[in-house]
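Reader: I'd like to go through the charged pairs, cysteines and backbone oddities of this one before I set anything up. Can you show me what we're dealing with?

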Amino acid sequence: MSSHHSNPQSLLNSFSRTLIDRVQRAGRAPMHAMTAAQARAFYDIGGPILDLQPPPAVDRVEALFIPASDGHVMSARLYAPNHATPLPTLMYLHGGGFTVGSLTTHDVLCRQLSRHAHCAVVSLDYRLAPEHRFPTAVNDSWDALDWLHQNGQTLGLDNTRLAVGGDSAGGTLSAVCALMARDAGLPLCLQLLFYPGCGARQDTASHHSFAKGFMLDKETVDWFFANYIDAKDRDDWRFAPSLASDHSGLAPAWIGLAECDPLVDEGVNYADTLRMSGVPVDLEIYRGVIHGFITMGRAIPDALKAHADAGRALKNAFES
């Protein structure tokens with residue numbers, strides 16, 4: 001793996017390096033030095049600046065409200081092309097360390113996936129830590145997927161063709177939802193995982209190689225997880241899906257990883273775990289890019305290739 005490289009900085013492509021230099025020169029406080037509310041506001045404003053402007057056009061964008069099993073009502077956003085017949089649907093779970101991220105920060109990505117895959121995308125505003133700790137985000141994600149399966153047809157969706165996807169923490173939640181869907185007998189066409197967190201301990205080689213200076217620093221990862229989960233729950237498979245006792249019978253996976261990312265090794269390891277359990281896996285490693293790159297399409301053009309690759313994988317999964 002690239003993570004054992006003696007000079008990990010040399011792996012960065014010019015776009016990633018330029019972005020990191022710009023961020024370092026700006027000298028802003030890191031997220032882990034902020035309150036969760038400050039970090040959320042910072043990401044909601046700062047995140048979209050790095051993404052495609054203006055946002056790609058989608059025919060139909062509407063607000064949805066999805067009930068959680070405890071009575072809380074979650075906001076969601078539906079993206080869809082105009083279509084005479086019911087559309088296959090991706091439920092999308094945004095990244096942000098279970099602490100930050102919103103419908104705003106992942107708006108462009110959801111539009112891109114809807115356009116490339118010619119499908120509906122439902123982006124979910126699951127509850128965030130530290131106000132709502134583990135396993136609230138898991139329960140919210142599962143409740144929404146189950147609700148879409150039961151009620152999608154009322155929105156013009158084809159509830160027999162469902163996929164789940166997300167990036168980073170949202171990738172973790174997607175992998176967990178795929179495990180829960182298998183156990184509940186809810187068939188999924190695909191689990192679409194962008195650099196998911198899959199392990200319990202952040203102790204792989206890539207966590208050491210890319211601990212500092214690659215946008216997602218170790219201190220920020222530690223802060224996210226301190227907000228979200230108690231130490232005693234770290235070995236729960238709903239936090240670390242690689243620890244599930246059985247990975248057989250899961251939906252096929254498309255896994256897109258960033259080469260210069262603390263999480264890259266656990267993504268590769270999860271792909272191996274799934275393959276060894278007989279699950280079809282399509283693994284793409286985008287060279288020279290950093291964690292978070294898929295929502296940085298203006299700064300890092302590789303994002304556009306990843307959008308197209310993921311969209312193609314979705315389209316093929318829905319058609320097969």
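Author: Sure, and keep in mind that this is a predicted model. A good place to start is a network of salt bridges that links R133, D230, K232 and D233.

Reader: How many salt bridges does the structure hold?

Author: A pair counts when a side-chain nitrogen of Lys or Arg is within 4 Å of a carboxyl oxygen of Asp or Glu. By that rule, the total for the structure is 20.

Reader: Take E131 and R40: how many residues apart in sequence are the parts that this pair ties together?

Author: The closest N and O atoms of E131 and R40 are 2.7 Å apart, and the two form a salt bridge. E131 sits in the loop between β4 (120-124) and α4 (136-151), while R40 belongs to helix α2 (residues 36-46), so the parts being tied together are separated in sequence by 91 residues.

Reader: And which strands does the salt bridge between R287 and E259 tie together?

Author: The side chains of R287 and E259 meet at 3.3 Å, N to O. E259 is buried, at 7% relative accessible area. R287 is part of the strand at residues 281-290 and E259 of the one at 253-260, so the strands tied together are β8 and β7.

Reader: D309 and K305 pair up too; in which helix do both lie?

Author: Their closest N and O atoms are 2.9 Å apart, in a salt bridge. D309 is buried, with a relative accessible area of 8%, whereas K305 is partly exposed at 48%. The two are four residues apart, about one turn of the helix, and that helix is α9.

Reader: How do α3 and α9 pack: parallel, perpendicular or oblique?

Author: Helix α3 (residues 107-117) meets α9 with axes 8 Å apart and an angle of about 50 degrees. The crossing is right-handed, and the contact involves L109 and H116 of α3 and L304 and L314 of α9, among others. An angle from 35 up to 65 degrees falls outside the parallel and perpendicular ranges, so α3 is, relative to α9, oblique.

Reader: Is D140 buried or exposed?

Author: D140 lies in helix α4. Leaving aside neighbours within four places in sequence, its contacts are A68, M74, L124, Y126 and R127. Its relative accessible area is 1%, and under 20% is the cut-off, so D140 is buried.

Reader: How many disulfides does the structure hold?

Author: Two sulfur atoms would have to be within 2.5 Å. For C110, the closest cysteine sulfur is in C119, 9.8 Å away and too far for a bond. For C198, it is in C177, 14 Å away and again too far. The number of disulfides is zero.

Reader: Now the backbone: where are P130 and P135 found?

Author: The peptide bond from A129 to P130 is cis, with omega near 5 degrees. F134 and P135 are also joined by a cis peptide bond, with omega about 5 degrees. Both prolines are placed in the loop between β4 and α4.

Reader: What is phi of M215?

Author: M215 is in the loop between α6 (205-209) and α7 (218-228) and counts as partly exposed, at 32% relative accessibility. Its phi is positive although the residue is not glycine, with a value near 80 degrees.

Reader: And what is phi of H118?

Author: H118 lies in the loop between α3 and β4, and its relative accessible area of 37% makes it partly exposed. Here too a residue other than glycine has a positive phi, near 50 degrees.

Definitions and conventions
Residues numbered from 1 in each chain as written. Predicted model: local features only at pLDDT ≥ 70, side-chain atom pairs only at ≥ 80, totals over all residues. Heavy atoms only, no water. Buried < 20%, exposed > 50% of the residue type's maximum accessible area, 1.4 Å probe, protein only. Contact = heavy atoms within 4.5 Å. Axes fitted to C-alpha atoms, helices over the stretch in contact; angles between N-to-C directions. Parallel < 35°, antiparallel > 145°, perpendicular 65-115°, else oblique. Left-handed = near helix turned anticlockwise from the far one by under 90°.
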